[in-house]
Amino acid sequence: MENSTLISIEALKKHFLTAGGRFTALNGIDLTIGKGEFTGVVGPSGSGKTTLLNIIGSLDSPSEGKAIVLGQSISDLNPKQAAMLRRSRLGFIFQSYNLLPVYTVFENVEFPLLLLQIDEDQRRKMVMDSLEWLGLTDKIKSKPAQLSGGECQRVAIARAMVKRPEIVLADEPTANLDAENSHHILRTMVRLNKELKTTFIFATHDDKVIGYLRRKISLVDGKVAKDEITNN
Amino acid sequence: MKLLFRLAAKNLIGAGRRTWLNVIVLSISFIVIIWHKGILDGWNIQARIDMINWETGGGQYWQNSYDPYDPFSLTEAHSKIPVSLDSVASDGHMAAILITQGTIYPEGRIQSILIKGINSNQKILKLPASRFDGNNEELPALIGRQMANDNRLKEGDRVTIRWRDIHGTFDATDMKIAGIFDTNVPTVDLGQVWVPLDRLQKMIGAPGEATILVKENIDSGYAAADGWKFKTKEDLLKSITDLIKIKSVGGIVLYIILLSLAMLAIFDTQVLSIFRRQKEIGTYIALGMTRGQVVALFTIEGSLNSVLAGLLAALYGIPFLIFQAKTGISISGAGKEYGLALADRIFPAYSLGLVLTTIILIMITTTIVSYLPSRRIAKMKPTEALRGKLQ
């Protein structure tokens, strides 16, 4: 683990209003995450994993406390600044892949670069590099509906990685995959983490994922119950 | 913006059948609106030309007492052609018409008519007055095709005509149908009998007098004349212009219905899209698009329906509209029943203005209809959208 801190969270609380009253999803989280970490937020359903990832990803904002991500306070960002942060410095991988259905594999991976207005030649090169890392060069013209679950998730990883983000947030990335595909995906992410020094943060309760983590932050009822470095 | 257009086009084409259904409905609206407006414009142009050629010329001087809607004043509504206009009339730049009431007795029936006297050498109106020539003994008369059909008269027939002179004395003679003319202007046809001006002047005892003077159709202004009032071409065409305006308003109802159908389809598609594509919306936001950009993307997607519809409409609409403009639409004298200047066949007239106005109207309406449901996106929580949860 390297020292430079990318994420700093202090006394973070998140409340939601529900039909039954106020529900506290995060209840005073304190943690820091440094560059190059391969970290997982683990815990049972409803423990606040996804909420924490959403706040780190500037898709949601804290109710109380501070979340500083890449030097920017999430509470202080306006929607446009939050969009810029996600566009240029964060990558997302979702449980159900969230690929754009009418686009080809190439176009899905190209999408983040289009938003960054990278010129066509460089864009093409970056997309091809990314697809090469994930072993998808023979699928560039396929549409998501023509791919298997494992292939879809690899496209999603390629899309998350193509702009070389500093942090990749992966919410239950293996939940829809079989064991073989899960290991394949995880090995790929470990390789990318090592080669590109990208910080990976997972929200998961899948033991297969947990087996690859180098740091495991366990959440229970919105609080950090355990924060441990593993031997991976 | 270029990126949004590119993405929107891709999404729209990718939506397949849903898009094409909207596009087809919208393209039909394009064509029907242009076609219907073209018919009205074509009718307007045709009717104005016919009325100018057959009746109004470039404007008319009316004897001060003349009121076309008051037949009882006709006995007084004539006087000498003013000196200031006499030479103009003699040079053929003006046609004098004398009008009086009369009656004909075709096949023993009584038919009230207007007897109109006009010079046989006039060239201002299309009326074939030269056919009066060469018949000095009998009273030659011209009648329109509809008048001939209504009274079962044909060329060469003789029919008794009765009138009153300026002293109120009845007189009668036999007139011979010297010709039957075809016109689209019912006001020179129905209930009208045209005779030579000098003969009518003699018949009613009003030598050198006229009721109206029809100016030739050139923009030359007009001279004032004592005892006569000038009616411009636009004054005389007002009835047809007003009628077309009323028809156009009626047409707007049709456009609104057509556009509403098309817009309903687009609105429905947009609302469905926003519900069905919540995950996609969440993904766009997660990948770094602002909510404003996503709203713009969906609005452009909706608006592009009108662009595709325009292209499709051009594909099948241009040949159809050209075909209609060449062959016209048969309405077989329906308008004559109502006294309208309506040809048997109307040729639609499409102007660039009409096409552009229609395109702009449809595009603006489509954009508004696409934008309204898209505003919901701005209120969506991206975290909920990503999960595809209905909001």
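Is A:Arg164 buried, exposed or partly exposed, and how many other C-beta atoms lie within 10 Å? A:Arg164 is partly exposed, with 14 such atoms within that distance. Here a residue counts as buried if 20 or more other C-beta atoms, placed from the backbone, lie within 10 Å of its own, as exposed if 12 or fewer do, and as partly exposed in between.

The model on display is predicted: local features need pLDDT of at least 70, side-chain atom pairs count only at pLDDT 80 or more, and totals for chains, interfaces and linings use all residues. Residues are numbered from 1 along each chain as its sequence is written, while chains are lettered from A and ligands numbered from 1 in the order in which they are written.

**Chain A: two loops**

Keep A:Arg164 selected. This residue sits in the loop between α5 (149–161) and β7 (167–171) of chain A. Helices (H or I, at least four residues) and strands (E, at least two) are DSSP runs, numbered from the N terminus. Most residues other than glycine have a negative phi. The phi of A:Arg164, however, is positive, near 50°.

Select A:Glu172 next, in the loop between β7 and α6 (179–196) of chain A. A:Glu172 also is a residue other than glycine with a positive phi, near 45°. It is partly exposed, with 19 other C-beta atoms within 10 Å.

**Chain B as a whole**

Now display chain B, which has 11 helices and 13 strands. Its radius of gyration, 31 Å, is well over the 21 Å that the globule rule gives for 391 residues, so chain B is more spread out than a compact globule. The radius is taken over C-alpha atoms, and the rule is 2.2 Å times the number of residues to the power 0.38. Along the principal axes, the C-alpha atoms fill a box of roughly 100 × 45 × 30 Å. Buried residues make up 41% of the chain.

Colour chain B by domain: domain 1 covers 2–52 + 239–386, and domain 2 covers 59–216. These bounds come from an automatic or database domain assignment. The centres of the two domains, taken over C-alpha atoms, are 51 Å apart.

**Helix α2 and the residue after it**

Select residues 17–56 of chain B, which form helix α2. The expected span is 1.5 Å times one less than the number of residues. For these 40 residues that gives 58 Å, and the end C-alpha atoms are 55 Å apart, which agrees. Just after the helix, B:Gly57 takes a positive phi of about 55°.

**Strand β5 and its partner**

Move to β5 (residues 139–144) of chain B, where 6 of 6 residues are buried. B:Leu139, B:Ala141 and B:Ile143 lie on one side, with B:Pro140, B:Leu142 and B:Gly144 on the other. Add β7 (residues 170–181) of chain B, which pairs with β5 in the parallel sense over 6 bridges; pairing requires that DSSP find at least two bridges between the strands. The bridge partner of B:Leu139 is B:Met175.

Beyond β7, in the loop leading to β8 (192–196), select B:Val185. B:Val185 is buried, with 25 other C-beta atoms within 10 Å. Measuring from its C-alpha to that of B:Ala343 gives 8.3 Å, although the two are 158 residues apart in sequence.

**Where the chains meet**

Finally, show both chains. The contact takes 16 residues from chain B and 18 residues from chain A, two residues being in contact if their C-beta atoms, placed from the backbone, lie within 7 Å. On chain B, α1 (2–14), α8 (278–286) and α11 (382–386) each supply at least two residues of the side that touches chain A.
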